[in-house]
Structure formats: C-alpha cells, structure tokens
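Hi everyone, thanks for making time this morning. Let's walk through this one together, and please have the viewer open.

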Amino acid sequence: MAVPPAGVLADIADLLHDLPADRGGALWRLSEEGRQLDANIIRMLPAARVAGHVEPDLDVLLCVLSGSGRLETDTGGRQELAAGCVAWLPRGVRRALFADEDGLVYVTVHCRRPGLAIRSAAVAQGGEAACLLNRICPGCDLPAEEIGARYCSRCGSRLPS
C-alpha cells in the first residue's frame with residue numbers, strides 16, 4: 001500500500017467562518033485512506049451537552065479550540081475547559097461534556113476503530129453483539145440513546161438509515 005501524502009488537511013478558522021453559527025455537531029473528520037487515526041472537529045452550541053457515557057474500547061484525546069465549558073468524569077470530577085486545554089479520556093471512564101454560553105469547539109483524536117469482522121462461534125466468546133451501526137452518530141461517534149432515533153440527541157446529526 002502506498003503511503004498517503006502528509007500535509008495540511010483543514011484550516012479551522014476558515015471552516016468556522018464558512019459555516020452557519022447555529023450549526024453544531026461534526027464540522028470536519030479525518031477521512032484519508034490508510035489512516036490509523038480518527039479525528040473530528042466538533043462544535044457544541046451554547047448550553048449544549050454530551051450526556052454521560054463510557055467509551056469501552058478507545059482512549060480519546062480532546063483539545064479545545066475555542067469557547068468554554070466543562071468536562072465531568074467519574075475519576076477526575078468536574079474540570080473547566082477553555083481554548084488550549086487538552087484532556088485525556090481513558091477508555092472505560094464515564095465522561096460528559098457541557099458547553100458554556102459561548103459554545104465549545106474541540107477536536108478529538110483516537111485510534112481508528114477496527115473494521116467489523118465475521119468470526120466463528122469458536123472464536124467469539126459470549127456470542128456476537130447485535131449490529132448497532134445504525135445507532136452510531138456520524139457527528140459525535142456515540143451510540144444513540146434511544147432505539148429508533150433518527151437524530152442524535154447530543155449533537156443533532158442525522159443517524160444512518
């Protein structure tokens with residue numbers, strides 16, 4: 001496989017300037033072929049929140065680009081967020097995010113999730129998990145809280161069909 005070209009992928013200032021101020025959710029995502037990372041730029045509108053949840057498989061690095069808010073975790077308590085803050089969210093730790101009245105724009109980076117694979121029953125322990133891909137939000141990469149939801153209750157992005 002050829003090595004993808006390195007270089008600038010996005011200009012955040014232009015990205016934020018060109019989008020309506022009332023658009024929340026994922027503003028940009030890393031989509032280059034052959035990557036080992038996933039990255040997203042997320043805008044939380046004023047007073048928005050990402051409900052408490054646990055990411056069981058991946059550590060996530062979060063860097064605040066603009067705005068302010070707070071991070072609440074079951075291991076670190078409540079911590080204020082402002083532009084320039086970098087937070088590590090280890091897998092297995094319950095976390096929630098809250099935007100202040102000026103909103104919050106941040107980038108998340110984590111290892112790319114491995115593709116789904118079909119395994120034999122002998123390899124799978126505890127059986128195969130039900131397919132939940134239609135509940136994974138393309139805006140914030142979290143599962144929808146409600147079965148049958150059409151939009152993410154956290155960031156407002158339309159869920160896959």
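Let's begin at Leu-97. Setting aside neighbours within four places in sequence, Leu-97 is in contact with Met-44, Ala-48, Arg-49, Val-50, Leu-62, Arg-70, Leu-71, Leu-81 and Tyr-106. Please keep in mind that we are looking at a predicted model.

What does Leu-97 belong to? It is among the residues with the most contacts inside the largest nonpolar core, along with Met-44, Leu-62, Leu-104 and Tyr-106. That core has 22 residues. The elements giving two or more residues to this core are E2, E4, E6, which spans 86-89, and E7. As background, nonpolar side chains tend to be buried together in soluble globular proteins. There is also a second, separate core of nine residues, and Leu-15, Trp-28, Ala-39 and Val-105 are included in it.

Now to the strands, with E4 as our guide. How many bridges does E4 make with E7? The two pair in the antiparallel sense over eleven bridges, and within E7 you can find Ala-96 standing opposite Glu-72. E4 also pairs with E6, again antiparallel, over four bridges. On the E6 side, look for Leu-89, which stands opposite Val-60.

Then there is E5. Six bridges join E4 to E5, and these strands run antiparallel. If you want a spot to click on, Leu-71 stands opposite Gln-79 in E5. The connection from E4 to E5 is a hairpin through three residues.

While we are in E5, which covers residues 77-82, let's stop at Arg-78. Buried or exposed, what would you say for Arg-78? Its relative accessibility is 55%, and exposed means over 50%, so Arg-78 counts as exposed. Not counting residues up to four places away in sequence, Arg-78 touches Arg-70, Leu-71 and Glu-72. Two of those names should ring a bell: Arg-70 and Leu-71 are also among the contacts of Leu-97. As for Arg-78 and Leu-97 themselves, they are 19 residues apart along the chain, and their C-alpha atoms are separated by 9.7 Å.

Next, the empty space. Rolling a probe the size of a water molecule over the atoms shows where such space is left. How many cavities of 30 Å³ or more does the structure hold? There is one, and the volume of this largest cavity is about 270 Å³. It is lined by 20 residues, and the closest to its centre are His-53, Val-60, Thr-108, Cys-140 and Leu-142. So that you can find the walls, the elements giving two or more residues to the lining are strands E2 (37-44), E3 (49-54), E4 (60-73) and E7 (94-111). E7 gives the most, with five residues. By class, the lining of this cavity divides into eleven nonpolar, five polar and four charged residues.

Last stop: the second largest pocket. About 180 Å³ of space lies in it. Its lining includes Pro-4, Pro-5, Ala-6 and Gly-7, and also Glu-32, Glu-33, Gly-34 and Arg-35. Sorted by class, the lining of this pocket has six nonpolar, three polar and three charged residues.

That's the tour. If you take one residue back to your desk, let it be Leu-97, one of those with the most contacts inside the largest nonpolar core. Thanks for listening, and I'm happy to go back to any view.

Technical notes: Residues are numbered from 1 along each chain as its sequence is written. This is a predicted model: local features need pLDDT of at least 70, side-chain atom pairs count only at pLDDT 80 or more; totals for chains, interfaces and linings use all residues. Side-chain values use heavy atoms; hydrogens and water are left out. Buried means under 20% relative accessible area, exposed over 50%, partly exposed in between (1.4 Å probe, protein chains only). Contact means heavy atoms within 4.5 Å. On a 1 Å grid over the protein atoms alone, a cavity is a set of points where a 1.4 Å probe fits but cannot get out, and a pocket is an open set with protein on both sides within 12 Å along at least five of seven lines; lining residues have an atom within 4 Å of a point. Grid points are joined across faces, edges and corners, and a volume is the space filled by probe spheres set on the points. Ala, Val, Leu, Ile, Met, Phe, Trp, Tyr, Cys and Pro count as nonpolar, Asp, Glu, Lys and Arg as charged, and the others, Gly among them, as polar. A nonpolar core is a set of buried Ala, Val, Leu, Ile, Met, Phe, Trp, Tyr and Cys residues joined through side-chain atoms within 4.5 Å. Two strands pair if DSSP finds at least two bridges between them.
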